[in-house]
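Ready for a little structure reading? Have the model open beside you and try each task before looking at its solution.

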Amino acid sequence: MDIQVNKDQLDRVAIKWLNIYYGDLKQKEFDDYPDEMFYVNSSDEIMMSHLKAKFGKYIYIDDLIFEQIKTIFNLSYDDSESIIHKWLKETYNLGGFRPYSA
């Protein structure tokens, strides 16, 4: 059976999934990296980070998050990046940052 969904529906489902698994990340600072802001999960693993300075417009997203979105929802890197960008804006108020993965 084929199920048809449009882009907006897919975005909503993917963002809901991201919120379930990564919507509770906490900000954390490390003395060794005073210019960066980190976001950690409940196990204290770094899942995201960005420079605190205004010129830093990129946010690092752990490879696991990108790979899960790409695999689960059968998306390209660019489509995954677009969804993660929307999620960052809605969930963490980080819409000014462009997500990237190493």
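The exercises below go through a helix, a sheet and some aromatic rings of this predicted model.

**Exercise 1. Find which residues of helix H2 are buried, and work out how they are arranged around the helix.**

Solution. Start by locating H2, which covers residues 63-72. Its buried residues are Ile65, Phe66 and Ile69. Next, look down the axis of H2: these buried residues fall within an arc of 100 degrees, so they line one face of the helix. Now see what lies over them. The cover includes helices H1 (7-22) and H3 (77-92), along with strands S3 (46-51), S4 (58-61) and S5 (98-100).

Finish with the two ends. At the start of H2, a side-chain oxygen of aspartate 62 comes within 2.8 Å of the backbone nitrogen of leucine 64. Just after the helix, asparagine 74 adopts a positive phi of about 55 degrees.

**Exercise 2. Trace the sheet and identify which strands stand at its edges.**

Solution. First write down the order: this open sheet of five strands reads S1-S2-S3-S4-S5, and its pairing is mixed. Strand S1 (26-30) and S5 each have a single partner strand, so one side of each is left without a neighbour in the sheet. On average, neighbouring strands are turned by 30 degrees against each other, direction ignored.

Then zoom in on one pairing. Strand S2 (residues 33-40) and S3 run antiparallel and are joined by five bridges. Glutamate 36 stands opposite leucine 51 in S3.

Last, place the helices. H2 lies across S3, S4 and S5, at about 75 degrees to S4. H3 also packs on the sheet, where it touches S2, S3, S4 and S5; the direction of H3 makes about 125 degrees with that of S5.

**Exercise 3. Classify the ring pair of phenylalanine 66 and tyrosine 77: stacked or edge-to-face?**

Solution. The structure holds 10 aromatic pairs. For practice, take tyrosine 33 and phenylalanine 38: with 6.0 Å centre to centre and 70 degrees between the planes, this pair is edge-to-face. Tyrosine 33 counts as partly exposed at 47% relative accessibility, whereas phenylalanine 38 is buried at 6%.

Now the pair in the task. Phenylalanine 66 and tyrosine 77 are 4.8 Å apart centre to centre, with 5 degrees between the planes. Planes under 30 degrees apart count as stacked, so this pair is stacked. Because phenylalanine 66 belongs to helix H2 and tyrosine 77 to helix H3, the pair ties together parts that are 11 residues apart in sequence. Phenylalanine 66 is buried, at 1% relative accessible area, while tyrosine 77 is partly exposed, at 32%.

Note on methods: Residues are numbered from 1 along each chain as its sequence is written. This is a predicted model: local features need pLDDT of at least 70, side-chain atom pairs count only at pLDDT 80 or more; totals for chains, interfaces and linings use all residues. Side-chain values use heavy atoms; hydrogens and water are left out. Buried means under 20% relative accessible area, exposed over 50%, partly exposed in between (1.4 Å probe, protein chains only). Helices (H or I, at least four residues) and strands (E, at least two) are DSSP runs, numbered from the N terminus. The arc is that of the directions from the helix axis to the C-beta atoms. Contact means heavy atoms within 4.5 Å. A polar contact is a pair of N or O atoms within 3.5 Å; within protein, one must be able to donate a hydrogen and the other to accept it, and residues adjacent in sequence count only if both atoms are side-chain atoms. Two strands pair if DSSP finds at least two bridges between them. Axes are lines fitted to C-alpha atoms, for helices over the stretch in contact, and angles run from 0 to 180 degrees between N-to-C directions. Rings of Phe, Tyr and Trp (its six-membered ring) pair if their centres lie within 6.5 Å; planes under 30 degrees apart count as stacked, over 60 as edge-to-face and the rest as tilted.
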